[in-house]
Structure formats: structure tokens, C-alpha cells
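This briefing covers selected local features of one protein model, grouped by topic. Please read the points below alongside the sequence and the structure.

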Amino acid sequence: MNDDFDGSSVDVVVIGFGPSGAVASALLGQAGLNTLVIERQPAVYEKPRAIALDHEIMRVFQQIGVADEVVRWSAPFTPSEYYGADGQLIKRLATVAPPYPLGYTPSMVFTQPPVEKALRLRVASMPNVQVALGQEFVSLTQDAERVSLSILGDDSVMRKVTSRYVLACDGASSTVRGALGIELEDLEFDEPWLVVDVLVNESALDKLPQTSVQYCEPERPCTYVIGPGNHRRWEISLLPGEDPAYIATEEGAWSLLRRWITPDDASLWRQACYRFHALVARDWHRGRVFIAGDAAHQQPPFLGQGMCQGIRDVANLSWKLRAVLSGRADGRLLDTYAQERGCHVRQLTGRIKEIGRVICERNLDAARLRDAELLAEAGGQIKTTARQDIIPRLDAGLLSLKGGSATGSLFPQPKVAYGGHDVLLDEISGCEWRVVIQMPLSNVPVVVRNAIAGFATLICLSTAAGTAAVQPHTQEIEVVELEGVMAAWFDRHHCVAALVRPDHYVFGTAAGVAELMALLDEVSAVLR
């Protein structure tokens, strides 16, 4: 624990060192910002809470240098099969076939404690990030320039620190959100469930379903998730009159698990009762203090997006803080954080609620009608829906006003040949602003290259791999794509160029040189 920050002044204070806070700290540290992380707990919680992540989050992990370690503790998410009131298959979610658009399996399950430890080790390696464990946020004041915070240590010493900005990732019961007076809007989902994690004996694994399952049964809706190795999770709804305190005991948990396994088959890892909520903050910041992760939103777990949403938050905000603190953008850029993330969270939460309504119907007649409608929509044969198709794009904030089918979507990260090696695109392009053009570097007009210089990395698709030609204030890179992901993307969106933000979202696309120059003028008017 570092406790020598008393009286210090930093660029950003991050409150909360869970996955969102750790990723935020790593991104801010990587950007060269002096960052202080405050966390009241002395160590990582040793039991799993989040269990799912996706390829967008793996791309962020790649950016901060922990992807290989995370992969060690991960596995592909098995298909999720939905069974209706009479036991018939009514819906199926899975992942797209390779080649994968972002370079990673689109949906994954993982073991949280070792992943959190890897994130913390990465943050600890950054010389400009200071971590203070056993420290609890007490209060703050702010003016037009700075935020002053009071922090109480587990040694009962009150410490003071000032910062340019504060990012609160301090969980669903966020003390910072309360101190700011930010209210949560109820999006009308509130149900009690048991969440139980089990380590299954090898001899008992064959007794269990070989895919993840949503039991859409009116008598007791429940979810079964196949985690890495022998980790299995059940989420089981509570019935009216059931005592959550009892159900959360070992005896209570086993009383609900006996449909599938007994204590002879497995050991309990964690069991807890929760109320599944759909909540979102009415405001995402007050002055120089921002909230993210569970402090800003909570959603039912039916798509496994809780942790992913928090990491999307901090990935969105971190590059904007860097741009503003470095003087490369006006402070108004930070207003787009709430615009973009608030809209995205509401849209995704709405889609998760719709999935929840399918799962949680308690009336038998209504459930049978639901099943008949889903089967009719599928033409009598269930088709697989890609989980990632459910995730919305950005449709507000720092995006081109000219629109286009790719605007607000994630730009792909294909495998490319470069310098005699096969690599993922971000490994050589970096994660600043990028202009990607479907033509060799030698064919790019000088006027375009001059317009990009000092602002973005220019990435050109060629038929013969070149080497990086470093120009003043920018980098120009020529690559050969190996699997056709990016070429198919350009064809699908009827464009030859894309302007990509540091968080990998597409600002806009262009069908030719004139449209690309207009895009660069458009973003320059906002940022420069």
C-alpha cells in the first residue's frame, strides 16, 4: 500500500480498483497522466462475480498489455440455448464463425480473481500511477480548475489530495455518486435471484448440459452458464415467499441445485442472492467528477455485459481526458462521454430487458404463447443469433454528422502481414486516431497525407507488405491483410476509407478523397 500521497496533486484520481477502475488506471497511466488510485479493500476479492467478456474488451486488454494473461483464464462462451414452457428449444445465441472481426473470440467466459490480479500488476508497473489500498473516499469539493478530496486510511489517518479530474468506479452503492447527489433512473426491472458458482467434479461434468442454457420455465426461470474448466454458474429466480437469506446458505443453494447436481458432484465456490436491477444514472458527471461502471448503471445479467459496460465507460472517457489534459481538445469533448455512454447503456439495457422478459415469464399460458411466437418467427426451425449482434453501436456524441452505415460501429482488427510477421492490426497501428485507406501508400494523394500529418496514423492496405515510413508528427503504415476481414468491411459499407477514434469506434467513412478530406475537416472543427 502507498500512503504517501497526502498533500499531493495529480492529473486524475480513480476511486475504486475493481475491473473498471483498474482498466481506467492502466489507460490513464499508459497515456502518461499522473494518476492516483484509491481502493478501500486491501486485496482482490477471491470469488467470481463477473463471468463473461467480449472481443471489444479483449481489444482493450490488448491495448494495456494484459490480453495474453487474460486468455490464460478464459474460454469461448458456449452457445446459449433457450428452452420454453414445455421443454422445447425456442431460441439460440452463439458467436460468429472465424475469422473474428476484432481478432478475438467474440464471446468468452473467464475467471475473475486472477484476471483482476493481472490488471493490478499491470497498473503497479506504471511509474506514473500510484495505488493506495485500504483508503476510503470521504468527501470532495471542486472549483473550475481542481477537485480536492479527503481520504480516510485504514490507519485512521485522514489524507488530502487534489486532482484535475476524478473518475469514480466505486460500485453500485457508490459513495461518490451519493456525494454528488446523482440519482439513478429505474428502467423497471427488479427481481430476486440466487447466483451460485460451483466447481464440478470431473466425474460429474457429463451429467450437465454441454451448452449454456436459459430455462424459460414459468415455475422457476433459471440460467446455466459453462465457465472455464470445471466452473459452472447457475442463476436461479426466487419464488414469492422464499427467504433470500436462507436460499443464500449452502443448504438453501443445494436445495435449488439438486435438479442438476448434489454435494457429491461438486463444491460450492460462491452463493449469493441479488435483486437484478435495470438502473442508469441521470447524470454521468458533476463538474470535474465522473462516474463509471456499476456506479453509473446496473443491468440484469442475461447477456453477461455488466463488466463489459464498465470497461467501455472508462475506455471512452480515458482518451478524452488525455486529449483535454494535453491541450489537444477543448473541455467540451468530455460532455460526449455522457452522451455516448448514456445512450449506449440505455439501448443495451433495453435489449437485455427484452431477453429477460423471454426468460422470466411466469404465466404458463403467456409462456406457451411466447414459445409459439418465437417458433413462428423462426419459421419452425430455430436459427442461431450472434450475441454480438445484440450490442448496439454508438449513435450520439463525437460522430460524423454525415452518417453512413459504419459510423458509430467498431472498426475491425484483422490479422495483417507486416515486417515479416503476422500480427493484429492494433499492435502496429497503435490506438490513437487512425485513417485506414483501402489503397497502397503510394496511391494516397499528398493533400490527404498532409491533412493527416500530426493528427492520425495513416494505415494503407496493400498487396505487398511494406515497412513503416515515419514522417514528422505521424506514422504511415502499409500492411497486407491475411483473412479478408477489413476488405469485406469496406465492401459492406461501400467505402474506401475510415476515420477511427482512439477507442476503435468509427467517426465516419468516405467513398473517395473529397469525402475523406471533409471528414478530417469535420473532426478538426471539434478537436483542434
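A residue counts as buried when its relative accessible area is under 20%, and as exposed when that area is over 50%. The model discussed here is predicted. By the first cut-off arginine 501 is buried, because its relative accessible area is 0%. The points below begin with this residue, then turn to the helices and to backbone geometry.

**Arginine 501 and its surroundings**

- Arginine 501 sits in the loop that links strand S27 (497-500) to strand S28 (506-510).
- The side chain of arginine 501 makes a polar contact of 2.7 Å with the side chain of aspartate 503.
- The side chain of arginine 501 also comes to 3.0 Å from the backbone oxygen of leucine 398.
- Once neighbours within four places in sequence are set aside, the residues in contact with arginine 501 are Asn316, Trp319, Lys320, Glu340, Leu394, Leu398, Leu399, Glu432, Trp433, Arg434 and Phe507.

**Helix H2 and its ends**

- Helix H2 spans residues 55-64 and is mostly covered, with 9 of its 10 residues buried.
- The buried set in H2 consists of His55, Glu56, Ile57, Met58, Arg59, Val60, Phe61, Gln62 and Ile64.
- At the N-terminal end of H2, aspartate 54 acts as a cap, with a side-chain oxygen 3.1 Å from the backbone nitrogen of glutamate 56.
- Glycine 65, which comes just after H2, has a positive phi of about 85°.

**Packing of H1 against H4**

- Helix H1 (residues 19-30) packs against helix H4 (residues 112-124) at an angle of about 25°, and the two axes are 9 Å apart.
- That angle makes H1 roughly parallel to H4, because angles under 35 degrees fall in this class.
- The crossing of H1 with H4 is left-handed.
- On the H1 side, the contact is made by Pro19, Ala22, Val23, Ser25, Ala26 and Gln30, and on the H4 side by Gln112, Glu116, Leu119, Arg122 and Val123.
- By class, the residues of the contact between H1 and H4 are 6 nonpolar, 3 polar and 2 charged.

**Packing of H1 against H8**

- H1 also meets helix H8 (residues 306-325), with axes that come within 9 Å and cross at roughly 25°.
- H1 and H8 are therefore roughly parallel to each other.
- H1 passes H8 with right-handed geometry, whereas its crossing with H4 is left-handed.
- The H1 residues Pro19, Ser20, Val23, Ala24, Leu27 and Leu28 face Met307, Gly310, Ile311, Val314, Ala315, Ser318 and Leu321 of H8 in this contact.
- The contact of H1 with H8 comprises 10 nonpolar and 3 polar residues, and no charged ones.
- Pro19 and Val23 of H1 take part in the contact with H4 and also in the contact with H8.

**Packing of H2 against H8**

- The axes of H2 and H8 cross at roughly 50° and come within 10 Å.
- H2 and H8 are therefore oblique to each other.
- The crossing of H2 with H8 is left-handed.
- Glu56, Ile57, Val60 and Phe61 of H2 make this contact with Cys308, Ile311, Arg312 and Ala315 of H8.
- The residues joining H2 and H8 divide into 6 nonpolar, 2 charged and no polar.
- Ile311 and Ala315 of H8 belong to the contact with H2 and to the contact with H1.
- Glu56 of H2 has a place in the contact with H8, and its backbone nitrogen is the atom approached by the side chain of aspartate 54.

**Backbone geometry**

- Most peptide bonds are trans, and most residues other than glycine have a negative phi.
- The peptide bond from proline 98 to proline 99 is cis, with omega near 5°.
- Proline 99 belongs to the loop between strand S6 (89-94) and strand S7 (107-110).
- Glutamate 188, a residue other than glycine, has a positive phi near 70°.
- Glutamate 188 is part of strand S12 (residues 184-200) and counts as exposed, at 66% relative accessibility.
- Histidine 494 likewise is not a glycine, and its phi is positive at about 55°.
- Histidine 494 is located in the loop between helix H13 (485-492) and S27, and it is exposed, with a relative accessible area of 67%.

Conventions. Residues numbered from 1 in each chain as written. Predicted model: local features only at pLDDT ≥ 70, side-chain atom pairs only at ≥ 80, totals over all residues. Heavy atoms only, no water. Buried < 20%, exposed > 50% of the residue type's maximum accessible area, 1.4 Å probe, protein only. Helix = DSSP H or I, 4+ residues; strand = E, 2+ residues; numbered from the N terminus. Polar contact = N/O pair within 3.5 Å; in protein donor to acceptor, adjacent residues only side chain to side chain. Axes fitted to C-alpha atoms, helices over the stretch in contact; angles between N-to-C directions. Parallel < 35°, antiparallel > 145°, perpendicular 65-115°, else oblique. Left-handed = near helix turned anticlockwise from the far one by under 90°. Contact = heavy atoms within 4.5 Å. Nonpolar A, V, L, I, M, F, W, Y, C, P; charged D, E, K, R; others polar.
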